[in-house]
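Here is a short report on one protein chain. Keep the structure open beside the text and find each residue as you read.

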Amino acid sequence: MNAFEANFDGLVGPTHNYAGLSFGNIASDKNQARASNPKQAALQGLTKMKALHDLGMVQGVLAPQERPDVQTLRRLGFGGSDANVLFQAAQYAPRILAACCSASSMWTANAATVSPSADTCDGRVHFTPANLTNKFHRSIEHETTGRILRAIFPNERHFRHHSALPGVEHFGDEGAANHTRFCHEYGARGIEFFVFGRYAFDSQKPAPKKFPARHTYEASQAIVRKHRLSSQHVVYAQQNPDVIDQGVFHNDVIAVGNRDLLFCHQEAFLDQARVKQELTRAMNGSFRVIEVPTAQVSVADAVRSYLFNSQLLSLPDGRTLLVIPEECRQTPAVWAYLQELVGSGAGIDELKIFDLKQSMSNGGGPACLRLRVVLNDAERAAVNPHTLMNDELYSRLTRWVEKHYRDRLEEKDLTDPKLLMESRFALDELTQILNLGSVYPFQR
């Protein structure tokens, strides 16, 4: 049966702001306390979605989460009216309030790990929302993420939804940002590639010293079991601890893959030669690696430009497209390398550049904004059609953003009860546009 890769991008939420919540993410730290533009952020994301749809890609939309998260603030002891909850949190725990206002669910590469039906023992597409335990502001996302995924992929005949792994550091799971699927054809059984930062139960193993390793080996093993994957078709690799300490907080900041091609930095993995050998063997010898030398692109330039936080896409005409942020063009060593690469015939045929500055300033590039889901024709027919990008949906969502979003937001604005009501009103309307039902706490 025909199969293809769909990309479901996160729609940036109305409370998009720069609170500097993500230790280990250099851009997030650097831009803390700057004023953000939620309207521009959402429109930049929609522009990318529409452009990829126009290229013939299957493009979907994942809704943002309710923020401020008053329910979580109440669980932490703040009481009274919603306005009073926000006031108390601002007075006594402003950093907790900032965390509960984060629009970080926009980065749907962290929403879940997805295994296609061709790889699973029961022939269904499996979804496990990521618990994201390393960062409080992200650890509160997975329940709503699960509800949204169920509303988009509702048919139990085709889709299997799991709960998140236990919310403890031993099973820290960062989702598809550390997961890649390799294959020769999307509809054939593939090789699922799980990348982790550390071993949770063996302190003698290598680990970063400066920044946290967010994803554990044990979490990856658990996902393999939950998704009923064959161990013969799984490859594990550990991130290079030294590059984590240079700001590579997820694998998708230093490597990206698609079909039979891995595009990675020379320093991406621990024991990189072995990793390449294992992948080549698992792919029956038919596997390509484009390895970017440190001498041409330093790790610092890779992090600064988000060269590898790109989308590596197979276009309908067979060409391979690399979707990159504008920052790649603005980083001389990276741009020089890319010009050489496209002309070399190594496997990447074309570049497409997007202005995603609002997301990039918080540490998220093109790949952070999307969740990849391989579907066959029957599975696509079972997807909630209201969430799939087309000309009409793009127009409706653009009007929705223009109507509801502010064009300037500072951290002090997060205490404004009007922002909460604006966000709820907007999200209530969005659930009708996308036909999601009651997925948010305030609707239940």
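With which residue does aspartate 69 form a salt bridge? The partner is arginine 67, and the closest N and O atoms are 3.8 Å apart. Keep in mind that this is a predicted model.

## A buried pair beside a cis bond

Start with the two partners. Aspartate 69 is buried. Arginine 67 is buried too. Side chains of opposite charge can pair when their charged atoms come close.

Now look at the next bond along the chain. Arginine 67 and proline 68 are joined by a cis peptide bond. Its omega is about 0°. Proline 68 sits in the loop between β2 (58-62) and α3 (70-75). Most residues other than glycine have a negative phi, and most peptide bonds are trans.

## More salt bridges

The count of salt bridges comes to 27. One of them brings together the side chains of glutamate 429 and lysine 403, at 3.2 Å from N to O. This pair links distant parts of the chain. Glutamate 429 belongs to helix α17 (residues 417-433), and lysine 403 to helix α16 (residues 391-404). They are 26 residues apart. Are these two residues buried or exposed? Glutamate 429 has a relative accessible area of 23%, so it is partly exposed. Lysine 403 reaches 55% relative accessibility, so it counts as exposed.

Glutamate 422 and arginine 406 form another salt bridge, with N and O 2.9 Å apart. Here, too, distant parts of the chain are linked. Glutamate 422 is in helix α17, while arginine 406 is in the loop between α16 and α17. The two are 16 residues apart. Glutamate 422 has 30% relative accessibility, so it counts as partly exposed. There is also a network: salt bridges with shared partners join Glu66, Arg74, Asp82 and Arg424.

## Helix α16 and its neighbours

Two packed helices are described by the angle between their axes and the distance between the axes. Take α16 and α17. They pack at an angle of about 170°, and their axes are 11 Å apart. An angle over 145 degrees counts as roughly antiparallel, so α16 is roughly antiparallel to α17. On the α16 side, the contact uses Leu393, Arg396, Leu397, Trp400, Lys403 and His404. On the α17 side, it uses Phe425, Ala426, Leu427, Glu429, Leu430 and Ile433. By class, this contact has 8 nonpolar, 1 polar and 3 charged residues.

Helix α16 also meets α2. Their axes come within 10 Å and cross at roughly 175°. These helices are therefore roughly antiparallel as well. From α2, the contact includes Leu43, Leu46 and Lys50. From α16, it includes Tyr394, Leu397 and Val401. The residues divide into 6 nonpolar, 3 polar and 5 charged.

## The nonpolar cores

The largest nonpolar core holds 81 residues. Which of them touch the most other members? They are Phe8, Phe153, Phe193, Phe269, Val373, Leu397 and Leu430. Helix α2 (residues 38-54) gives the most to this core, with 6 residues. Apart from it lies another core, of 19 residues. Among its members are Ile290, Val292, Val297 and Leu322.

Zoom in on phenylalanine 193. Residues up to four places away in sequence aside, it touches Asn178, His179, Thr180, Phe182, Val235, Ala237, Phe269, Val275 and Leu279.

## Loops worth a look

Two residues here have a positive phi although they are not glycines. Aspartate 271 has a phi of about 55°. It is found in the loop between β10 (261-265) and α10 (272-282). Its relative accessibility is 45%, so it counts as partly exposed. Asparagine 284 has a phi of about 60°. Its loop runs between α10 and β11 (288-292). With a relative accessible area of 71%, asparagine 284 is exposed.

Arginine 198 lies in the loop between β7 (191-196) and α8 (217-226). Is arginine 198 buried or exposed? At 19% relative accessibility, it counts as buried, because the cut-off is under 20%. Arginine 198 and arginine 214 are 16 residues apart in sequence, and their C-alpha atoms are 7.9 Å apart in space. Leaving out residues up to four places away in sequence, arginine 198 touches Glu169, Ala207, Ala213, His215, Thr216, Tyr217, Glu218 and Gln238.

Definitions and conventions. Residues are numbered from 1 along each chain as its sequence is written. This is a predicted model: local features need pLDDT of at least 70, side-chain atom pairs count only at pLDDT 80 or more; totals for chains, interfaces and linings use all residues. Side-chain values use heavy atoms; hydrogens and water are left out. A nonpolar core is a set of buried Ala, Val, Leu, Ile, Met, Phe, Trp, Tyr and Cys residues joined through side-chain atoms within 4.5 Å. Buried means under 20% relative accessible area, exposed over 50%, partly exposed in between (1.4 Å probe, protein chains only). Helices (H or I, at least four residues) and strands (E, at least two) are DSSP runs, numbered from the N terminus. Contact means heavy atoms within 4.5 Å. A salt bridge is a side-chain nitrogen of Lys or Arg within 4 Å of a carboxyl oxygen of Asp or Glu. Axes are lines fitted to C-alpha atoms, for helices over the stretch in contact, and angles run from 0 to 180 degrees between N-to-C directions. Angles under 35 degrees count as roughly parallel, over 145 as roughly antiparallel, 65 to 115 as roughly perpendicular and the rest as oblique. Ala, Val, Leu, Ile, Met, Phe, Trp, Tyr, Cys and Pro count as nonpolar, Asp, Glu, Lys and Arg as charged, and the others, Gly among them, as polar.
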